Amino acid sequence: MSGAVQAGWAPPSGPPQPAPERGRPRWLLAATVAWAVLLAGLTWWSVRHDPPTVREQRPLSAAARVTDRAVGQLVAATGEAAWVLTEPRLDRGCRVTPMADGAAYRRGVDVVLPEGGERALLDRVAARLPGDWRAGVRSSSSGPRLRADAGEFVLVQGWVASPGRVRFAAETGCRPADTDFADLLPGPPGEPALDEALRALGRTAEAGAGSLAAPCPGGGNARTRWATAGAAPAPLAGLKPLAAGAALLDTPEVYAYRRGPAVVVADVTGERLRLAASTGCAG
């Protein structure tokens, strides 16, 4: 076989070159644009209509309202017990994301009762809370503990704070802080039963006085007005003539009684005498 190359023909110098690329079909471009428009529309609808899927999507102002309502539900669930609204707490400086600071809001209810009845109270409150909260009481190394979900990522708990005292709390966890602490505190109510108790003990309210409220499930508000009134210990026997019926709790450190629609609690377990008068939710 001859190795001669035919005249007028040159051997290829490299791999074959691809054919020039044709333009993309117009239908493919139109489909891409339609898909982008559909995604944008779904995103717009989700932002405006879908509930938050994580806690960090709901700001503190919205979560605080849920927390306030949860406290009202707790008050209603305590029934005839001697209860006091505890002061709200706003903890700033937590981290919503690695790049954003936030704040956590917490409110609660303290219930005083004879020692030995703490677990029964937790069970009773759990049974009276709304069914969709999925409330339950479990035993733990620190004692019985109530847990419930008030909705919108607000946690409700209850535990034995000390013998004869059960504490309930509703808390938001860390949220974007879009409101000031003053905006979260309800206006001050008046309560004649507190003034009456102060007079019976011969005390006057000090600067550490205030009032709290929480919305009741059926409307209206549960309210607590409280005051510190001198150093403890203080004799509490002067309150006994004011009690309507038997005392709710009668110990050397705590005396609780009903006076009209109010529950009055005098507490000398700390360094100061603390008095509180609370009116609950009707029905």
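User: Let's start at arginine 89: which residue stands opposite it in β2?
Analyst: Keep in mind that this is a predicted model. Strands β1 and β2 (residues 100-112) run antiparallel and are joined by twelve bridges. Within that pairing, the residue standing opposite arginine 89 is arginine 106.

User: What is the strand order in the open sheet that holds β1 and β2?
Analyst: This sheet has six strands, and the pairing is antiparallel. β1 (82-97) and β3 (136-140) each have a single partner strand, so they stand at the edges with one side left without a neighbour in the sheet. From one strand to the next the twist averages 25°. Reading across, the order is β1-β2-β6-β5-β4-β3.

User: At about what angle to β2 does α2 run?
Analyst: Helix α2 lies across four strands here: β1, β2, β5 (155-162) and β6 (165-171). Taking β2 as the reference, α2 runs at about 10°.

User: And α3, which of its residues are buried?
Analyst: Start with what they pack against: α2, β2, β3, β4 (143-149), β5 and β6. The buried set covers an arc of only 130° around the axis, which puts these residues on the same side of α3. That fits the helix repeat: with 3.6 residues a turn, residues three or four places apart point the same way. In α3 (residues 118-128) the buried ones are Glu118, Leu121, Leu122, Val125 and Ala126.

User: Which helix gives the most to the largest nonpolar core?
Analyst: That core has 42 residues, and those with the most contacts inside it are Val109, Val125, Leu129, Leu146, Val156, Phe168 and Val265. Six residues of the core come from the helix you're after, residues 60-78, which is α2.

User: What does valine 156 touch, leaving out residues up to four places away in sequence?
Analyst: Valine 156 is among the residues with the most contacts inside the largest core. Its partners include Ala70, Leu74 and Trp133. The rest of the list is Leu146, Arg147, Ala148, Ala150, Ala169 and Ala170.

User: How many residues are in the second core?
Analyst: The second core is separate, and its members include Ala197, Leu198, Ala234 and Tyr257. Its count is 21 residues.

User: Now the sheet with β7 in it: what is the strand order there?
Analyst: This is an open sheet of six strands, with antiparallel pairing. β7 (209-215) and β9 (249-250) are the edge strands, each pairing on one side only. The order is β7-β8-β12-β11-β10-β9.

User: How many bridges pair β8 with β12?
Analyst: The two strands pair in the antiparallel sense, with β8 covering residues 221-231. One of the pairs sets alanine 231 against arginine 272 in β12. The pairing runs over seven bridges.

User: On its β11 side, which residue stands opposite leucine 275 of β12?
Analyst: β11 (residues 262-267) and β12 pair in the antiparallel sense over six bridges. The two form a hairpin with four residues between them. Opposite leucine 275 stands alanine 266.

User: Is β12 largely enclosed or left open, and how many of its residues are buried?
Analyst: A residue counts as buried under 20% relative accessible area. By that cut-off, β12 (residues 272-279) is largely enclosed by the rest of the structure, because the buried residues number six of the eight.

User: What is the bridge partner of tyrosine 257 in β11?
Analyst: Strand β10 (residues 254-259) runs antiparallel to β11, and six bridges join them. For tyrosine 257, the partner in β11 is valine 264.

User: At about what angle to β12 does α4 run?
Analyst: Helix α4 (residues 192-200) lies across β8, β10, β11 and β12. Relative to β12, its direction is at about 150°.

User: Is cysteine 174 buried or exposed?
Analyst: Cysteine 174 sits in the loop between β6 and α4. Tyrosine 105 is 69 residues away from it in sequence, with 7.9 Å from C-alpha to C-alpha in space. With a relative accessible area of 10%, cysteine 174 is buried.

User: What share of the chain's residues is buried?
Analyst: The chain has four helices and twelve strands. It exposes about 16200 Å², with 56% of that supplied by carbon and sulfur atoms. Of the 283 residues, the buried share is 37%.

Terms used
Residues are numbered from 1 along each chain as its sequence is written. This is a predicted model: local features need pLDDT of at least 70, side-chain atom pairs count only at pLDDT 80 or more; totals for chains, interfaces and linings use all residues. Side-chain values use heavy atoms; hydrogens and water are left out. A nonpolar core is a set of buried Ala, Val, Leu, Ile, Met, Phe, Trp, Tyr and Cys residues joined through side-chain atoms within 4.5 Å. Buried means under 20% relative accessible area, exposed over 50%, partly exposed in between (1.4 Å probe, protein chains only). Contact means heavy atoms within 4.5 Å. Two strands pair if DSSP finds at least two bridges between them. Axes are lines fitted to C-alpha atoms, for helices over the stretch in contact, and angles run from 0 to 180 degrees between N-to-C directions. Accessible areas come from the Shrake-Rupley method with a 1.4 Å probe; for residues, only the protein chains shown count as cover. The arc is that of the directions from the helix axis to the C-beta atoms.
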